[in-house]
Amino acid sequence: MSAARSERGGTGKSLTWRTRLRRDKSLLLMTVPAVVLLLVFNYAPLFGLVTAFQYYDPLDGVRNSEWAGLAQFQQLFNDPLFWGALKNTLWLSLVQLVLFFPVPIALALLLNTVLSERLRNFIQSVVYLPHFFSWVLAITIFQQMLGGAGVLNHFLRQHDMQPWDITTNPHTFALLITSQAVWKEAGWGIIVFLAALAAINTDLYEAAAADGAGRWRRMWHITLPGLRGVIVLMLVLRLGNALSVGFEQFLIQREAVGHETADVLDTFSFYYGIANGNYSFGAAAGLFKSVISLLLIWGANKLAHVFGEDGLYRK
Amino acid sequence: MRQGLNRRSFLSSAATVAGAAAVAPLLSACGGGGGKHKSGANTEQGMKAALPAYVPNTAVPADIPGVSGGSNGAVTDPGFLSYPANPVATVQGVPGKGGSYTAVTPLWGTVPPAGNSFYQAMNKALGVSFEMKPADGNNYNTIIPTMTAAKKLPDWINLPAWWNSNFNTGGLADSQLADLTPYLAGDKIKQYPNLAAIPTGAWQTGVWGDKLYGIPCFSTAMPLPGAVFYRRDLLEAKGITADQVKSADDMMNLGKELTDAKGGVWAFDDVWTYLSIAWGIPAKWTLKDGKLVHKYELPEFLEALDWHYKLASAGYLHPDAIAGNNSDAGTRFYAGKTLIGGGGLGAWNLADHQSGIAADPNYRRGAFNIMTASGTGNPQIFMGSSSSMLSYLNAKLKPEQIEELLAVANYLAAPYGSAEYTLINFGVEGVHYNRVNGVPTATDEGKKDVQATTFPFLAAPPSVISNPGGDQVTKDYTAWQAANVKTLYKPLFWNMNLSMPQQIASADSGQAVEDTIKDCYHGKKKVSDVQAAISTWKSNGGDRLKQWMTDNVLSKYGTGQ
């Protein structure tokens, strides 16, 4: 890899920017629409962050709203509900990292061992499908099955057993939302791993098999190293998004388990900011989240480089 | 101009009071953009001078006349059992003079195509060329601020009163909305007889700074927050009638008697919002020894919570209600999975009846009378706003244009059952509706173009109870209103549309407390947890809120009662 890098570096230096521009003209042109989209929808709204330092009023506009300085942040950091929401976010993120993240990888490996293409396509379609359901639908299905008036509890009551309401139990909420996430998203998550699996040279397997390597050894020495780059990339992205564990899923189930259990940073911004017309407070909470996320993704990327992986970009 | 700062440091609102004792409503001190704002509030005399006279309309007599509640000023909505066979015209000729106008109204439904046959028929009848621009009702509170910020209001616009603070209606009135006082104050309204039949209380919600700006759209003299409903057919089949249920204990016993979890039936859906009133809890504030007390601080508030906590813990509340699945509450009620549930009175109508009998042919909705928790003493329920929606004209209109639109408004406010009302609500006979057993029934074209309600959001007659084809509903609902009309009272700061500085408003909405209350009446948090949330709320802004209300509202403008 280091040889490749120096080679690229060499050509880069020896060409003037004008030559490079001419060489990459068509490539650059192709990126223009994406860059424009990014500028308009991701960078331009960044100026709205100034509202986090104001007492923003939509009628007065950003320009005429009263300046608040750090008052919104002061209020935010003094709010026990905010710290509760942060704690919930981190906890749920950790649970999902441990229990959700490995599932698509395992699924992809399993699916890869299925030889019949027909069967494989069928399984793939079945596990993809829930991704296209909305959260409302997914949660309704869970409630109909596991809720207090759902199938499970109806059965328990019919047979004179104690009902067991899983959907309103705050203590097992982390497991509930993770299982919902697995049900809905794990199938979709395997796509990227399947692509990486397809990219592994099959000659390697044949050579290893000829040398007497069994199924497990081939997985350990060929498949997993082949997947490592993608796994690390997904992990870096996941860590960077550690503070975004979802929104609708919590919004819908907030009443079921209570706000102290279900409030994550995003729902906190919504309920205590936007829903009350307290836009600046919500913006402050959002800005806080973004800054921490930036630090997380930067840290995770650094770590990936330390271990010799590409991370988000090649160093 | 530092309007933001000024608006905040002042009280920006119109506090309007329906009923007898007029309290000086508060006006937006400053706001909007013109820079010529007057600070100050409505004065008692000023408001009296701005309000129009009230002349009841008797063009279409009701089958079940309204019943007065006496000193509280409430009157039940009149009931109509049949739709008049030959609707009478209340407006002579064509009101308009051929002007062209734009109008924006909220619409909860699919936007009908522009220039459709119904709009054409309306334009012809009104004698003006209207460009109707219905906007999504669910996002209305975010759509309108972009228009007001750009100072691009249409000629006529509907602004729901419950979003007054979002819209800064007080500031708008001062700069971008037309002052209607010169056209409508006192006896001047008599040239618009249908507008004159709108009750005074509703007009008061449109007064800002001693001037009349708003035209009430949906007004009532029976402004009730809601009621505790029950499945009358199923309870009566078990020998239970509403008059046997007189107290909270009776309610709890009903929970025990009616809940059959094994059979999938729970006695209760959420009732907190409407049943807690039985403990004497005020809308928000009450006065004790001349001092403001918030409802959170009242011992009866905690008592009510405790009872609701017990109701949920005892297992009498439907599990899906506990899970916060409110959108299916109607389905549960129709299917008989829940038998008692709280809700707004808007639910008591023909559509509800039709959905109910589709699920169960015997379906009949009933409501418990307003009660006290102890079962003794006088039951009381606070009034809501007299008109929840108002429309406003653009300040840029010329006087003759305003007169033309007021004449149109007079047409739109024609009473229930009149020829004008029939056109506005059902369209043209043979095109948009046909008479089926005397009942105007929408055709497909009518469903698409007319039932997507637009014109009544500009002006409409006072509300009536009418459910053509569902007479039982009309009889039940009017009877219930008549039985309860005397229990209404005017709460503190009634019809005062207060808007507050942001920090105060956050404390006023008390989101953290409200969340914990919800957890408590769902049996997930104890009353002591709510007490803890209340004391945090008090130190985090609740006490400041009380001080602000005392200084800026109570001591300046009084109680509004």
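This is a tour of selections in a predicted model, moving from a sheet to a buried strand, the cores and the chain contact. Local features need pLDDT of at least 70 and side-chain atom pairs count only at pLDDT 80 or more, while totals for chains, interfaces and linings use all residues. Residues are numbered from 1 along each chain as its sequence is written, and chains are lettered from A and ligands numbered from 1 in the order in which they are written.

**Open sheet, chain B**

Select strands β4, β3, β5, β16 and β8 of chain B: in that order they form an open sheet of 5 strands with mixed pairing. Strands (E, at least two residues) and helices (H or I, at least four) are DSSP runs numbered from the N terminus, and two strands pair if DSSP finds at least two bridges between them. At the edges are β4 (129-136) and β8 (215-216) of chain B, each pairing on one side only. Next, show residues 100-107 of chain B, strand β3, which runs parallel to β4(B) and is joined to it by 8 bridges. One pair to label is B:P106 with its bridge partner in β4(B), B:A135.

**Strand β13, chain B**

Move to residues 338-343 of chain B. Strand β13(B) is largely enclosed by the rest of the structure, because 6 of its 6 residues are buried (20 or more other C-beta atoms within 10 Å of a residue's own, with C-beta atoms placed from the backbone). Add β9 (227-231) of chain B, which pairs with β13(B) in the antiparallel sense over 4 bridges. Then add β10 (266-268) of chain B, parallel to β13(B) and joined to it by 2 bridges. Centre on B:I340: B:Y230 stands opposite it, and B:F268 has it as bridge partner.

**Nonpolar cores**

A nonpolar core is a set of buried Ala, Val, Leu, Ile, Met, Phe, Trp, Tyr and Cys residues joined through C-beta atoms within 7 Å. The largest has 178 residues; A:F268, B:V228, B:L305, B:A409, B:L412 and B:L458 touch the most other members. Helix α23 (527-557) of chain B gives the most to this core, with 10 residues. A second, separate core of 8 residues includes A:A108, A:A186, A:I190 and A:L227.

**Contact between the chains**

Finish with the contact between chains, which takes 30 residues from chain B and 30 from chain A; residues are in contact if their C-beta atoms, placed from the backbone, lie within 7 Å. On the chain B side, α22(B) gives the most, with 5 residues.

How values were computed:
Two residues are in contact if their C-beta atoms, placed from the backbone, lie within 7 Å. A residue is buried if 20 or more other C-beta atoms lie within 10 Å of its own, exposed if 12 or fewer, and partly exposed in between; C-beta atoms are placed from the backbone.
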